[in-house]
Amino acid sequence: PHFLRKRFVPCLFVFLAAAMVTPATGMEPDLTVLRERLLKGPHLSDLVSYAYQKNPAIQGSKAKWHASLEQIRVDGAYPDPQLSMTYWPESAVNDLDEKKIEVMLSQTLPFPGKLDAAEAAAQAEARINRINLDRSVRDVVAGVRESFYELAYIRKAQRIGSQNEELIVQLRAMGESAYAADRASLIDVLKAQSQAAQTGYDILLLKELEQTEITRLNGWLNREKDAAIGPLAEDPLPPVVFSLDEIDSLAGKNRQEIQIATAGIEKSTAQADMARYENRPEFMLGLLYEENAPGEPGASREEMYGLQVGMTLPLWFGKNNARKEAAKAGIEEAKAMAQAARNDTRSLVHETFFRLKNAERLMTLYRDHLIPQAQKSMETAETWSRQGAGSLSDYTEIQSVWYNFQLAFARSQADYGKYLSRLESLAGQRLTTQNPPEAGPK
């Protein structure tokens, strides 16, 4: 029915997800434009849009939801009428060549209210499948976002490693020259060489990790595993403007697992109503036509019409009671699952919020304190080393600390983006602004 289609319009979660990562720029771009962007240098919103259109999990959930919408009409319809015909070519009672034809048309009539109960159960199932579609979109978007931040970290770490490698080459050359001039010890040279080897190993490892992450991201996008992904456009990571209690409240209303469990209660209640009607009789109304055709020439045909009425007799009370008890147990199970989903959501919100805040604190610590201090110390150590006032070994140690701080800062940025993605998936909306865009018609 039209009103059901209107009621079950799918929540356009992907547009909300895209709004979580970049301002809205208009209509969803087509695949040709998106493919070009993926090669030239995609924004996170480009990856999300592409995944929404191509990911098979989303397409499968869409198909299942549409099938459940059609099932509403099936379950709410009357059973098909039955048409039967019987033909006797001759009479077994006498020797006359008498033919007989019997035709019956019958229709089963369910007990009043049974079809409404079946339709209500189908509507609840369709609502669950619609929410499952939202959950599929949410999971795919979250996977794309986390893979994006991880790939961005790996590539940034490679750049940091390459810069560090150039610096290490200079340090090693300085150490070897100083050792030849008897101005540095052998241990200073060995430390520089060891640091160069470690940096080379890090770069090699990061290249392999990059290919692994590209394969994972292409899996979300339903592309070939080795398909190229251009330089990632780095979007800012704004702070969360909602409190923990507010996010907890949003997740309690918006998380799909809770909505599915709540819809499961509605479905179980509708099934219990159906079980009650299963214990009621069904009626049968039939129209009968019978014709006798004597074999003698000139004999008149005999035609008869009849009306047939029948009903089922639900006499097996044990089976009927079992249906009702099973339906009650289904309702209790659905209520327990709903409470379990709420408890699980609360735990995930608090855990993810803590990890997000911890990543935010680490970003601030490395960016505002540790990295600037290490940079100044490295400049001082370089000056002292060139003037002979400090050892090359000290310079190498400080440089190693600066390198590790840079990597740790990049790691904390990626972690912040990943935990922000998870927290917004739990809350069901953008958390970095107080006025998130609407997700579409409800």
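pLDDT is the predictor's confidence in each residue, from 0 to 100. This is a predicted model, where local features need pLDDT of at least 70, side-chain atom pairs count only at pLDDT 80 or more, and totals for chains, interfaces and linings use all residues. Residues are numbered from 1 along each chain as its sequence is written, and side-chain values use heavy atoms, with hydrogens and water left out.

**Exercise 1. Map the confidence of the chain.**

Start with the whole chain: the mean pLDDT is 82. Of its residues, 80% reach 70 or more. Next, take the elements; helices (H or I, at least four residues) and strands (E, at least two) are DSSP runs, numbered from the N terminus. Helix H1 (residues 2-7) has the lowest mean, 38. Helix H8 (residues 244-254) has the highest, 93. Now find the weak stretches. Residues 1-26 stay under 50. The model still gives them 56 contacts (heavy atoms within 4.5 Å) beyond four places in sequence. Residues 437-442 are also below 50, with 7 contacts beyond near neighbours in sequence.

**Exercise 2. Describe how H8 meets H9.**

Take the axes, lines fitted to C-alpha atoms, for helices over the stretch in contact; angles run from 0 to 180 degrees between N-to-C directions. The axes of H8 and helix H9 (residues 256-278) come within 6 Å and cross at roughly 40 degrees. List the residues: H8 uses Ala251, Gly252, Lys253 and Asn254. H9 uses Gln256, Ile258 and Gln259.

**Exercise 3. Decide how enclosed helix H4 (residues 44-54) is.**

Count the buried residues (under 20% relative accessible area, 1.4 Å probe, protein chains only). They number 9 of 11, so H4 is largely enclosed by the rest of the structure. Among them are Leu44, Asp46, Val48 and Tyr52.

How values were computed:
Buried means under 20% relative accessible area, exposed over 50%, partly exposed in between (1.4 Å probe, protein chains only).
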